[in-house]
Amino acid sequence: MRRKWRDFFYFSKADRRAFLLLACLLMGIALTASFFLWFGDFVPEGRTEAEAPEYAPFLHDLITDSTDTRKSDLVYAQLSSRKVETFVFDPNTADSSTLLRLGLTSWQVRNIYKFRARGGRYHRPEDFSRLYGLTKGDYDRLRPYIRIADEFRLMSDLRSVTVAEEDSMTPHVRQEKFAEGVQVDLNEADTTILKKIPGIGPYYARRIVDYRTRLGGFVSVAQLAEIEGLPDDIGRWFTPPFPVVPSLYINRMSVTALRRHPYLNFYQSKAIVEHRRKYGAIKKLQALSLYEEFSPADLERLQPYVNFEE
């Protein structure tokens, strides 16, 4: 019997299964080889092959869980090299980009911002060493470049610097002082007058004037005790001040403007602005007594300075 041509291409059911299995196996080997060849030669753009081992953790996460983009992005960000710089900065005023350029991590920058938002300040360069996560090596590297502005320094530190500067000036002229019994107006005296009072030099004369400006005027001689370092009996040189003109417009001012007053911190200023937003203009300070940020003593000392105009 003559065999037809298609009989040569006839396979049994078992043969077809064997060929199909072999084809699948070969395809799997080819795909696996291509996969590892692709990722084995992967080097991020702008990097050399010598730097490729640096990216091994990133590639591992990419292969094991390509759907977890947040994790991959985080690893890549941590592994990306940053150029660390050193330059003069004040940790009380430096912005986030400046702090990152100095080599700090993003979460350390957030901690600095939270610390400053709560009213915290770095008074000395040594205070910066307490930043959570800052290594001794990083602190030693940054320490020579930390400059604390005069407004953030402790009074004792600033006074020592001022005294040293004054002592270096020549010639030194002895300041004429008032005789016992003389009294001056606390809200009118300028630095020239204040320096004539025994116990007050150039430094404290400026401190008194600056504090008076921030307050909006003294309402009592006793407020001088709020300036650290003044002699306890300094009040005898001043006459009781006249009532001040209220200049703290709590229905107009922003959080930033309110907190400049010595009797208001960030959280109290924020509570005032939030109260205005929810309930409208404040008519009496007693409305703020419902907030835990304000004690009765806080409201009492604030009362003379508050202007309720809208």
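**Salt bridges and cores in a predicted model**

Good morning. I begin with charge: E180, D233 and R236 are linked in a network of salt bridges. Please bear in mind that the structure before you is a predicted model. Searching the whole of it gives 10 salt bridges.

Let me take three individual pairs. In one of them, K136 and D140 meet through their side chains at 2.9 Å, N to O. These two residues stand about one helical turn apart, because they are separated by 4 residues in helix α6. K136 is exposed, at 64% relative accessible area, while D140 is partly exposed, at 39%.

The next pair is R252 and E309, whose closest N and O atoms are 3.1 Å apart. R252 belongs to the loop between β3 and α10, and E309 to the segment after β4, so this salt bridge ties together parts that are 57 residues apart in sequence. Both partners count as partly exposed, E309 at 42% and R252 at 46%.

K283 and E310 also form a salt bridge, with 2.7 Å between the closest N and O atoms. Here the loop between α11 and α12 is tied to the segment after β4, so the parts brought together are 27 residues apart in sequence. K283 is exposed, with 57% relative accessibility, and E310 is exposed as well, with 60%.

I turn now to the nonpolar interior. The largest nonpolar core has 38 residues, and L194, I200, L224, F238 and L248 touch the most other members. Helices α9, α10, α11 and α12 each supply at least two residues of this core, and α9 gives the most, with 7. Beyond its neighbours within four places in sequence, L194 contacts A189, I200, A205, I208, V209 and F238. A second core, separate from that one, has 17 residues, including F87, L99, V109 and I146.

Two loop residues deserve a comment. N92 sits in the loop between α3 and α4. Is N92 buried or exposed? It is buried, because its relative accessible area is 8%, under the 20% cut-off. Among the residues N92 touches are R116, R121 and Y122. E126, in the loop between α5 and α6, is partly exposed at 38%. E126 touches Y139 and R143, leaving out residues up to four places away in sequence.

Finally, the surface. L22, L25, L26 and I29 make a nonpolar patch of about 400 Å². Of these, L25 lies in helix α1 and is exposed, with a relative accessible area of 53%. Thank you.

How values were computed:
Residues numbered from 1 in each chain as written. Predicted model: local features only at pLDDT ≥ 70, side-chain atom pairs only at ≥ 80, totals over all residues. Heavy atoms only, no water. Core = buried A, V, L, I, M, F, W, Y, C linked by side-chain atoms within 4.5 Å. Buried < 20%, exposed > 50% of the residue type's maximum accessible area, 1.4 Å probe, protein only. Contact = heavy atoms within 4.5 Å. Patch = residues over 30% accessible without salt bridge, like charges linked within 9 Å, V, L, I, M, F, W, Y side chains within 5 Å. Areas by Shrake-Rupley, 256 points an atom, 1.4 Å probe, with all protein chains shown as cover. Salt bridge = Lys/Arg side-chain N within 4 Å of Asp/Glu carboxyl O.
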